[in-house]
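The exercises below move from a single residue to the sheet, the cores and the largest pocket. Please work through each task with the sequence and the model at hand before reading its solution.

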Amino acid sequence: MFAYGVAAVALAVLLFALTIPTPHYAEVEPEPEEEPAEVIDKPYPIDEEPVEPRAVAHPFEGTSAEAVAATNAYGVLTQAVGEFEDTGDLISFSVRDLTTGNTLTYDSGRVQYPASSIKAPYTCAVYEQALETGQADYEAVRPLAEETIIESSDDAYRDLHDAYGMDIFASWLQDAGVGPGEYGSYGEMLIWNYPHLNCDQLIGMWLHICDYVQRDTPFAQHLGSLLEARQVSAMRTALGTNVRTQSKMGWFDYYGDYFSEPATVEAGIVYAPEGAYVVAVMTTAPAEIAELQPIFTAIARAHYDMI
């Protein structure tokens, strides 16, 4: 009897244990830590090696110029710009943070040939002024836009011009708040498929492109995907595929017809971990695409301290 009683008690204990639900061992919330001195998910190390600044041809300007000058980014940026200028070519750039509006510029009023970088603003004008308003057929525009942006086709760009003209571009530029610059009027400016301009104008165009590609419309999303899929980009190569970018590059290596000149230019949007920014870099380097990569790397480093 006693053995039977012990066995019954043991069985009861076992059955009770089986009725207890198995716990899900969630991660234990860590103890709160002190706030870090800087946001640690930014792409540049806090303890980076100091870089000695060097002389460059022009001062850095903009709302963040003083702040950047007090950081290691100033050394990084002056070294990159100075080494580029040592080749004898000219360089200008403009950067604007999309959250704070802070800016950093370098000789941004200098006017030059934009090469194929102008194809992105014009294509955006076709999308916004013609497709979104029902004045153009998407199936007619799509292949030309894809060749113009992804492949940088001159023929496709010319076909877009022939089909949709310059009035839509003039209207688009006015909406973007971008003036005709040295030409004095849009009529004089838009005689040319590749009008000369400066970084201030190009950055203004890209701020408008940025506003457009954020819209939740099929046309805007399609253009954004084209700008992300372009075949040639010093910006993308410099920053890596882990950083999303949308841009259009242009390059030309000789003095040609219609006031074309040597140029390597790229402008676009960088969706950096610390915040997105719009950037335009214009140079007189003759189709030296790789030469812009250190510039975009240095600008990315400077943007870290702009915000």
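**Exercise 1. Locate His-208, decide whether it is buried or exposed, and list what it touches.**

Solution. Begin with the secondary structure: His-208 is placed in helix α9, where helices (H or I, at least four residues) and strands (E, at least two) are DSSP runs, numbered from the N terminus. Next take the accessibility: with a relative accessible area of 13%, His-208 is buried, since buried means under 20% relative accessible area, exposed over 50% and partly exposed in between (1.4 Å probe, protein chains only). Finally, leaving out residues up to four places away in sequence, His-208 touches Glu-128, Trp-172, Asp-175 and Ala-176, a contact being heavy atoms within 4.5 Å.

Before going on, note that this is a predicted model, in which local features need pLDDT of at least 70 and side-chain atom pairs count only at pLDDT 80 or more, whereas totals for chains, interfaces and linings use all residues. Residues are numbered from 1 along each chain as its sequence is written, and side-chain values use heavy atoms, with hydrogens and water left out.

**Exercise 2. Which residues of the largest nonpolar core touch the most other members, and which helix gives the largest share of this core?**

Solution. A nonpolar core is a set of buried Ala, Val, Leu, Ile, Met, Phe, Trp, Tyr and Cys residues joined through side-chain atoms within 4.5 Å. The largest one has 56 residues, and those that touch the most other members are Tyr-122, Phe-169, Leu-173, Leu-202, Met-205 and Trp-206. Helix α9 (residues 199-213) supplies the largest share of this core, with nine residues. Another core, of 32 residues, lies apart from it and includes Ile-91, Ala-234, Val-270 and Val-281. To follow one member further, take Trp-206: when residues up to four places away in sequence are not counted, its contacts are Ala-120, Leu-227, Gln-246, Ser-247, Lys-248, Ala-267, Gly-268, Ile-269 and Val-278. As background, nonpolar side chains in soluble globular proteins tend to be buried together.

**Exercise 3. Establish the strand order of the open sheet, then trace the pairing of β5 and β6.**

Solution. The open sheet has six strands in the order β1-β3-β2-β6-β5-β4, with antiparallel pairing, two strands being paired if DSSP finds at least two bridges between them. Its edge strands are β1 (60-61) and β4, each of which pairs on one side only.

Now step along the order from β4. Strand β4 (residues 244-252) is joined to β5 by nine bridges, and the two run antiparallel; Arg-244 has Tyr-271 as its bridge partner in β5, while the partner of Phe-252 there is Ala-263. Nine bridges also join β5 to the antiparallel strand β6 (residues 275-283), and a hairpin of two residues connects β5 to β6. Across this pair Val-270 stands opposite Tyr-277. On the β2 side, seven bridges link strand β2 (residues 91-97) to β6, again antiparallel, and here Asp-97 stands opposite Tyr-277.

Burial completes the picture. In strand β5 (residues 263-272), 10 of 10 residues are buried. Strand β4 has seven of its nine residues buried, so it is largely enclosed by the rest of the structure.

**Exercise 4. Describe the volume and lining of the largest pocket.**

Solution. A pocket is defined on a 1 Å grid over the protein atoms alone, as an open set of points where a 1.4 Å probe fits, with protein on both sides within 12 Å along at least five of seven lines; lining residues have an atom within 4 Å of a point. The largest pocket has a volume of about 370 Å³, a volume being the space filled by probe spheres set on the points. Among its 17 lining residues, Tyr-113, Tyr-194, Phe-252, Asp-257 and Ser-260 are the closest to its centre. The lining divides into nine nonpolar, five polar and three charged residues.

**Exercise 5. Where does Ser-152 lie, and what is its phi?**

Solution. Ser-152 sits in the loop between α5 (138-150) and α6 (154-164), and its phi is near 60°, a positive value in a residue other than glycine. With 12% relative accessibility, Ser-152 counts as buried. For comparison, most residues other than glycine have a negative phi.

Technical notes
Nonpolar A, V, L, I, M, F, W, Y, C, P; charged D, E, K, R; others polar.
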